[in-house]
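Student: Hey, could you walk me through the aromatic rings in this one? I'd like to start with a single residue and build up.

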Amino acid sequence: PPAAVVDLLARQLANQLDQMACCIARFTRAEHACAPEAFHFLPAECGHWTTVIYPGGVSEDDLVRYRRELHRLLLLPADRPLFRRANAHAFPEDLAAEPYLRNTHVGLAPPPGATEVRLVRGQYAYRHYLQDRMDDNGWGCAYRSLQTIVSWFRLQGYTDCPVPTHREIQQALVDVGDKPASFVGSRQWIGSQEVGYCLNRLLQVESRTMFVSSGSELPTKSRELLAHFENHGTPIMIGGGMLAHTILGVAFNDKSGETHYLVLDPHYTGGEDLAVIQNKGWCGWKAASFWDQNAFYNLCLPQRPTLI
């Protein structure tokens with residue numbers, strides 16, 4: 001009945017106001033008044049909405065104990081962020097205001113006959129050619145794959161580091177001694193090893209590198225890739241045959257032995273149109289024949305840090 005709904009909303013609003021009062025009392029200091037902020041979360045591991053009141057101006061590092069207690073009370077794993085501000089649920093109006101599409105693979109059915117399917121876990125932003133008024137057509141595909149990966153770490157709450165520009169990526173490679181100073185501002189390609197160097201330099205994230213001597217050998221790594229998405233859930237950058245792509249998932253058919261790969265293609269040059277991106281295959285499932293059967297491939301598998 002409408003009256004019951006109104007009563008429930010009133011009680012929940014009163015509860016939220018009480019939580020804000022507790023937040024003010026807990027975090028206000030003599031020289032600084034706390035401004036409470038409400039964040040709404042819908043963790044997949046939880047299955048229901050949770051609203052958390054955080055004090056404005058207090059860093060994530062200073063709220064670790066607060067979040068750890070929340071994980072304990074809700075019986076949630078203590079090895080990943082679920083209630084950092086970046087984990088807050090993005091409502092449709094929030095997504096509409098963003099310049100990049102998120103999770104362009106949602107809605108794509110796995111290949112017929114797949115018996116094991118593992119996908120990227122969480123949110124990412126699709127980064128591709130010509131975004132940010134940057135004409136990187138023909139040379140920036142690995143940069144865009146790296147930007148997609150960094151967006152995953154940001155949206156999961158692992159880092160506050162901004163998604164780096166091409167120039168910032170190049171400067172990071174100079175800083176670690178991988179490239180000469182003249183590399184900054186150039187249009188030179190990078191590969192999976194450079195992506196790993198940048199993740200370590202910019203985010204302090206470790207990566208595992210996988211090598212295959214040809215695209216035809218990639219299906220032999222299916223079990224390892226399935227395990228990566230099961231244990232880490234991060235997007236994978238793959239480079240070879242003068243091209244770079246992002247792998248978002250793997251589907252394996254244990255009867256036929258066939259493997260399909262959920263590929264996000266950074267070579268797309270169009271607008272942020274999800275229908276075009278999915279229908280034209282810029283984000284979609286690809287058979288093993290998609291990879292150059294004679295080209296050498298390197299894969300960068302970012303490892304998920306353990307933190308709350």
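**Rings and their neighbours**

Tutor: Sure. F39 counts as buried, at 16% relative accessibility; buried means under 20% relative accessible area, exposed over 50% and partly exposed in between, using a 1.4 Å probe and protein chains only. This is a predicted model, where local features need pLDDT of at least 70, side-chain atom pairs count only at pLDDT 80 or more, and totals for chains, interfaces and linings use all residues. Residues are numbered from 1 along each chain as its sequence is written, and side-chain values use heavy atoms, with hydrogens and water left out.

Student: Cool. How many aromatic pairs does a search of the whole structure find?

Tutor: The search finds 14. Rings of Phe, Tyr and Trp (its six-membered ring) pair if their centres lie within 6.5 Å; planes under 30 degrees apart count as stacked, over 60 as edge-to-face and the rest as tilted.

Student: So why is the pair of F39 and Y54 called tilted?

Tutor: Because their planes are at 50 degrees, with the ring centres 5.9 Å apart.

Student: And is Y54 buried or exposed?

Tutor: Buried, at 0% relative accessibility.

Student: Which residues form one aromatic cluster with F39 and Y54?

Tutor: F27 and Y66 join them in that cluster.

Student: New topic: what lies over the face of Y100?

Tutor: That's R127, 3.9 Å from the ring centre. A charge sits over a ring if NZ of Lys or CZ of Arg is within 6 Å of the ring centre and within 35 degrees of the ring normal. The charged end of K179 also sits over a ring, that of F183, 5.4 Å from its centre.
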